Each structure stands twice: as structure tokens, then as C-alpha cells.
Amino acid sequence: MKSYGTRELVSALNELGYSKGKQIASRHIKYFPPTNPPKGIVPFILVIQNRTQFDPHWQRTYIKQIKQHGFTKEQIEACF
């Protein structure tokens, strides 16, 4: 998968049906999935704002969190 920043991640989350929550810190915004995740999974994703490119660790972390909310790798890659 190609590298991406905040703009691409937010666009992909919107395409997958995530809804934007309130901004809880100066650079973090919560995004909530369209359906409730299984018990034990964090029910939101914190997105760091104003990043032109995330480092590989954060890229893998965001993909893993989206997968935990019930999306397949193919669905995620189609949005990027």
C-alpha cells in the first residue's frame, strides 16, 4: 500500500462510512465506525491532524484499527 497522510486517511474513513466526532486535543480528532465493533475493541480511531505523511508504524496501526472494525483489506485498499 502506498504511503498516506491525514488528508488521504480522512477521505478513506469518510468513504468507509466513519463519522467525525469532536476534536479532543489540538491535533487529534475521533472518528467513529458505522457499526459497533466487537466487545474489547476501541470504538473509535484517533486521527492525528496536519500530517503530510505518516511513518510506517502509524500507517500499519491505522490499517489494523480499521480491520478490527470489520472491514477487509480489499475494502480499505480500494478507498486509498
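Biologist: In this predicted model, how far apart are the mean positions of the positive and negative charges of the protein?

Modeller: The mean positions are 11 Å apart, taken over 12 positive and 5 negative charges. Lys and Arg count as positive, whereas Asp and Glu count as negative.

Biologist: What pattern of helices and strands does the protein follow along the sequence?

Modeller: The order is α-β-β-β-α-α, with 3 helices and 3 strands in the protein.

Biologist: Why is the protein called as compact as a globular protein of that length?

Modeller: The globule rule gives 12 Å for 80 residues, and the radius of gyration of the protein is 12 Å, close to that value; therefore the protein is as compact as a globular protein of that length. Along its principal axes, the C-alpha trace spans about 30 × 30 × 20 Å.

Biologist: What makes glutamine 49 count as buried?

Modeller: Buried means under 20% relative accessible area. Glutamine 49 has a relative accessible area of 16%, so the residue is buried. Glutamine 49 lies in the loop between S3 and H2, where, leaving aside residues up to four places away in sequence, it touches Thr6, Arg27 and Ile29.

Biologist: How do you know that cysteine 79 is buried?

Modeller: The same cut-off of under 20% applies. Cysteine 79 has 12% relative accessibility and therefore counts as buried. This residue is found in helix H3.

Biologist: Which residues does cysteine 79 touch, not counting residues up to four places away in sequence?

Modeller: Cysteine 79 touches Ala12, Glu15 and Leu16. With glutamate 15, the separation is 64 residues in sequence, yet 6.6 Å in space, C-alpha to C-alpha. For the protein as a whole, residues 24 or more positions apart account for 50% of the contacts with a separation of 6 or more.

Biologist: Which residues touch the most other members of the largest nonpolar core?

Modeller: They are Leu9, Leu13, Tyr18 and Ile66, in a core of 19 residues. Helix H1 (6–16), strand S2 (28–32), strand S3 (45–48), helix H2 (56–68) and helix H3 (73–79) each supply at least two residues of this core. The largest share, 5 residues, comes from H1.

Biologist: What does leucine 9 touch, residues up to four places away in sequence not counted?

Modeller: Leucine 9 touches Tyr4, Val47, Phe54, Tyr62, Ile66 and Phe80.

Biologist: How much of the protein is buried, and what area is exposed?

Modeller: Of the 80 residues, 35% count as buried. The protein exposes about 5,200 Å², of which carbon and sulfur atoms supply 50%.

Notes:
Residues are numbered from 1 along each chain as its sequence is written. This is a predicted model: local features need pLDDT of at least 70, side-chain atom pairs count only at pLDDT 80 or more; totals for chains, interfaces and linings use all residues. Side-chain values use heavy atoms; hydrogens and water are left out. Helices (H or I, at least four residues) and strands (E, at least two) are DSSP runs, numbered from the N terminus. The radius of gyration is taken over C-alpha atoms; the globule rule is 2.2 Å times the number of residues to the power 0.38. Buried means under 20% relative accessible area, exposed over 50%, partly exposed in between (1.4 Å probe, protein chains only). Contact means heavy atoms within 4.5 Å. Accessible areas come from the Shrake-Rupley method with a 1.4 Å probe; for residues, only the protein chains shown count as cover. The place of a charge is taken as NZ of Lys, CZ of Arg, CG of Asp or CD of Glu. A nonpolar core is a set of buried Ala, Val, Leu, Ile, Met, Phe, Trp, Tyr and Cys residues joined through side-chain atoms within 4.5 Å.
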